[in-house]
Amino acid sequence: MNVKIPNEVLEIVKKLQNNGYQAFLVGGCVRDLIRSEAEGLPIKPKDWDITTNAKPEEIQKLFSDFRSAAGAHPSAGEDKPATVYENTFGTVGVKTESEDPSLKIIEITSFRLEGKYTDKRHPDEIKFAKTVEEDLSRRDFTVNAMALCHETWELRNKTEKKENARSIFHGSGFKIIDPYDGQKDLKNKIIRTVGDPETRFSEDALRLIRAIRFAAELNFKIEEKTAAAVKKEAELLAVIAKERIRDELEKIIMSERAAEGIRKLKESNLLSWVIPELGEGIGVGQNKHHIYEVFEHNVRALDYAAKNNYSLVIRLASLLHDVAKPRTKKGEGPDSTFYNHEIVGAKITNQILNRLHFPKEIIEKTTHLVRCHLFYYNVGEVTEAGVRRFLRRVGPENINDLIKVREADRIGSGVPKAVPYKIRHLLFMVEKVKQDPLSP
């Protein structure tokens, strides 16, 4: 196996080994390295985790004066620690001062085993394990339960400039420790729990939504028994802190296959514990301007935003822009109406995002876009004064984002064009009146 390892990670592993400790890369970075080589794609790990038989206090002592080749540590000349250890899980963060956000802090965790999960969230006790195999036995899914070790490390072109050499480390003598056939599941694109799925989910209920998230991010299928267990144990998600659910939901929404992730949440009964308001649109028909039911329309709008790599705010607004339609619907068939659904929808959006503890700025902007998404514009009917009022109501800084939500709304409705002539003309008029005063 020919693997590229960043300098910062290599130095930490070598320091542990040179001091008589075992050291392994573990978790998501191993999964991504294997996928990158197998699929021939440049898949960059989002973070790098190391596991070792060194205890937390030994790790802290070993890296107390750590200096990464990426640059002098901030403790040089200052009274700042080189490590971070503020948890009960045996994880020590080593600061590297790397310019790469994924490498600024490398987490090192002692081999460990976990006791019972009485609260379905945290282990009642942590015990240090003796082997890496014992450590892997506590992990969630087989594709995350692999470790990577090495016999020798080699840096080619040692005289290269530091900024070029940072990620040009090559490994030789690599060995994958894979007690649960994670490589096989990676090859077959399967998400499967380590051991009995119901037991694994009852330990930490956040794993329920993590299964969906990994399936969406990696474009994998959830193994049959694992999927059945997710559906059966869905209500366990009620005990999980909203912030942890929000983090997983955000990763789903920010993935390329965000729409598929939301559909999987619905199919697995998890949507009722994440965004139940969105589920109200399932089976709710619309009028002659739409060919899809409300839920499917919202999901297709999100799909458009995700495929165009739009921001989190635009994706959230696209997903939630019609969330109030089930509550405002009057009548049935092609002439049914949804009066004021944008106003009610803004209130519901605000409630959803506050409940999930999204940052205030994201809540306010998303809510504003939902409130303003249903605007009327027809060439020859709306005057320059009307455009100025529109611009004042929406805010010049929000126009581009609002237009993107409108594009998602249109594509989610089943029309072929995201930006028709009317929208192009509106943008022309907006640019024309931007030089005018918008208010006294």
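This is a guided tour of a predicted model, one selection at a time.

**The whole chain**

Start with the full protein chain in a cartoon view. The chain contains 21 helices and 12 strands. Now switch to a surface view. The accessible surface comes to about 21,200 Å², and carbon and sulfur atoms account for 48% of that area. Of the 440 residues, 51% count as buried. How far apart in sequence are the residues that touch? Taking contacts between residues at least 6 apart in sequence, 71% join residues at least 24 apart.

**Three paired strands**

Select residues 23–26, which are strand E2, together with residues 49–52, which are strand E3. These two strands run antiparallel and are joined by 4 bridges. Show Ala 23 and look across to E3: the bridge partner there is Thr 52.

Add residues 105–110, strand E6. E3 and E6 pair over 4 bridges as well, in the parallel sense. Thr 52 is again a useful marker, since Thr 52 stands opposite Ser 110 in E6. While the strands are on screen, compare the directions of their side chains. In a regular strand the side chains alternate between the two faces of the sheet.

**The loop after E2**

Move on to Gly 27, which lies in the loop between E2 and helix H2 (28–39). Is Gly 27 buried or exposed? Its relative accessibility is 6%, and under 20% counts as buried, so Gly 27 is buried. Which residues does Gly 27 touch, leaving aside those up to four places away in sequence? They are Asn 144 and Met 146. Now set a distance between the C-alpha atoms of Gly 27 and Phe 141: the two are 9.6 Å apart in space and 114 residues apart in sequence.

**Aromatic pairs**

Keep Phe 141 selected and add Phe 214. The whole structure has 4 aromatic pairs, and these two residues form one of them. Their ring centres are 5.9 Å apart and their planes meet at 80°, an edge-to-face arrangement. Phe 141 is in the loop between helix H4 (132–136) and strand E9 (147–155), while Phe 214 is in helix H8 (residues 206–218), so the pair ties together parts that are 73 residues apart in sequence. Both residues are buried.

Next select Tyr 304 and Tyr 310. Their ring centres are 6.2 Å apart with the planes at 65°; planes over 60 degrees apart count as edge-to-face, so this pair is edge-to-face. Tyr 304 is buried at 15% relative accessibility, and Tyr 310 is buried at 12%.

**Charges over rings**

Return to Phe 214 and show its neighbour in sequence, Arg 213. The charged end of Arg 213 sits over the Phe 214 ring, 4.4 Å from the ring centre. For another case, select Arg 300 and Tyr 292. Here the charged end of Arg 300 sits over the ring of Tyr 292, 4.0 Å from its centre.

**Cysteines**

Finish with Cys 29 and Cys 149. Cys 29 has a relative accessible area of 1% and is buried. Cys 149, at 14%, is buried too. How many disulfides does a search of the whole structure find? The search finds 0.

Key: Residues numbered from 1 in each chain as written. Predicted model: local features only at pLDDT ≥ 70, side-chain atom pairs only at ≥ 80, totals over all residues. Heavy atoms only, no water. Disulfide = S-S within 2.5 Å. Buried < 20%, exposed > 50% of the residue type's maximum accessible area, 1.4 Å probe, protein only. Contact = heavy atoms within 4.5 Å. Areas by Shrake-Rupley, 256 points an atom, 1.4 Å probe, with all protein chains shown as cover. Pairing = 2+ DSSP bridges. Phe/Tyr/Trp six-rings, centres within 6.5 Å; stacked < 30°, edge-to-face > 60°. Lys NZ or Arg CZ within 6 Å of the ring centre and 35° of its normal.
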